[in-house]
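Here is a set of questions and answers about how the terms used for a structure follow from its values. Each answer sets a value against the definition it rests on.

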There are 2 protein chains.
Amino acid sequence: MGNENFVFERYLISKGLKLTKPRKIILNTVFATHEHFNVDGLYDKIRKKHKDVSRATIYRTIPLLVESSLIKQSLRCLAKDHYEHTYGHSRHLHLICEKCGKIIEVESKEAESILNKLAKKHDFKIREFNIGAKGICNKCQKK
Amino acid sequence: MGNENFVFERYLISKGLKLTKPRKIILNTVFATHEHFNVDGLYDKIRKKHKDVSRATIYRTIPLLVESSLIKQSLRCLAKDHYEHTYGHSRHLHLICEKCGKIIEVESKEAESILNKLAKKHDFKIREFNIGAKGICNKCQKK
DNA sequence: ACTATTTTGAGACTCATTCTCAATTTTATC
DNA sequence: GATAAAATTGAGAATGAGTCTCAAAATAGT
Ligand SMILES: [Mn+2]
Ligand SMILES: [Mn+2]
Ligand SMILES: [Zn+2]
Ligand SMILES: [Zn+2]
């Protein structure tokens, strides 16, 4: 268990918001594993233990987690919005298989530094990288 | 005017499909300019001249244009699906301003070759690159 | 012209996300 | 620890981009 609670609470206080029970439950469930997630999956997981947390609150809490830099949107090319931890994870890019859905995570220092360079040239301030590709994984190629 | 018509017709024939009037109108409107587009904008533009092309047909034709490699989906991080020409355009990445919506296009040989290298290492066959960033453009930074 | 096949427009439908609002919870004040 | 003001919540309605359905229209082969 990291200190996401600390980070989140500090953020909430700075905005005059409160670390309520539902927000705590959502935060803890989000950080119970390190996988990519979407709202539906998160909702099911939360509901197994806490029958009283609503979809609406999940949808309302996620932007707060994003704003506090604990998570970020990722896998932008899928149908539903997906998210992943920012806190405690190094930068990486995704190779997504269009056949089986497999997601390969790859370290991306080089790619990002190039993007940084290009952004600098255009005096553009990057807030969120979006680097990756869709295609066919090795297993699916052999079919 | 390029020969997108040729490319499209060849693709359609290869699939046993026909280059009908609505499909021609859609193709020509898509290639009348070189900008990114989404279905709503395209629909409005088409409707100014042709009151008889439906949204449904536009939604049905776009995958055909994608399949024939004339266009591809892009700007994956926006709310609506956006597309841009593949035919007649070199590869590039996008820096998208979250304040004003400005889109900066940047040549990306380096970034892509790095992604290609990483994909090769994982024996992953890339079909579509997705490289870019969101942030704040230089004008919007000065506010 | 006749028929089989494809395509189309209109609008119904889906489903992820956002919004609304009354009820509940939280914090501040006494 | 009651009381009141403010923030948050759950339930479900609303939204809206994209998909699907189906009867009518266009097309191609005979
Ligand atoms: Mn993690
Ligand atoms: Mn073009
Ligand atoms: Zn695969
Ligand atoms: Zn801007």
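Q: Which helices each supply at least two residues of the surface near DNA strand D?
A: In this predicted model, helix 2 (21-30) and helix 4 of chain A do, together with helix 4 of chain B.

Q: What makes a residue count as near DNA strand D, and which come nearest?
A: A residue is near the strand if one of its heavy atoms lies within 4 Å of it. Of the 18 residues around DNA strand D, A:Thr20, A:Asp52, A:Thr57, A:Arg60 and B:Asp81 come nearest. Of the strand atoms that come within 4 Å of the protein, 73% are accounted for by sugar and phosphate.

Q: How do you know that A:Thr57 makes a polar contact with DNA strand D?
A: A polar contact is a pair of N or O atoms within 3.5 Å. An N or O atom in the side chain of A:Thr57 is 2.3 Å from a phosphate oxygen of DNA strand D, so the pair meets the definition. A backbone N or O atom of B:Asp81 is 2.8 Å from a phosphate oxygen of this strand.

Q: What does the side chain of A:Arg60 approach on DNA strand D?
A: A polar side-chain atom of A:Arg60 lies 2.7 Å from a base nitrogen.

Q: Which parts of DNA strand C come within 4 Å of the protein?
A: Of those atoms, 75% belong to sugar or phosphate, and the rest belong to bases. Phosphate oxygens of DNA strand C are found 2.9 Å from a polar backbone atom of A:Asp81 and 3.2 Å from a polar backbone atom of B:Lys18. For B:Arg23, a polar side-chain atom lies 3.0 Å from a phosphate oxygen of the strand.

Q: How do the residues of the surface near DNA strand C divide by class?
A: There are six nonpolar, three polar and 10 charged residues. The surface near DNA strand D has six nonpolar, three polar and nine charged residues.

Q: Why is the relation between chain A and chain B called a two-fold axis?
A: Two copies of a chain are related by a rotation about an axis and a shift along it. Here a rotation of 179° with 0.0 Å of shift superposes chain A on chain B, with an RMSD of 0.2 Å. That is the relation of a two-fold axis. Of the residues of chain A, A:Ile131 comes closest to the rotation axis, its C-alpha being at 2.2 Å.

Q: How do you know that the copies meet through the same surface?
A: Of the interface residues of chain A, 100% are also interface residues in chain B, so the copies meet through the same surface.

Key. Residues are numbered from 1 along each chain as its sequence is written. Chains are lettered from A and ligands numbered from 1 in the order in which they are written. This is a predicted model: local features need pLDDT of at least 70, side-chain atom pairs count only at pLDDT 80 or more; totals for chains, interfaces and linings use all residues. Side-chain values use heavy atoms; hydrogens and water are left out. Copies are superposed by least squares on the C-alpha atoms of residues with pLDDT of at least 70 in both. Contact means heavy atoms within 4.5 Å. A polar contact is a pair of N or O atoms within 3.5 Å; within protein, one must be able to donate a hydrogen and the other to accept it, and residues adjacent in sequence count only if both atoms are side-chain atoms. Ala, Val, Leu, Ile, Met, Phe, Trp, Tyr, Cys and Pro count as nonpolar, Asp, Glu, Lys and Arg as charged, and the others, Gly among them, as polar. Helices (H or I, at least four residues) and strands (E, at least two) are DSSP runs, numbered from the N terminus.
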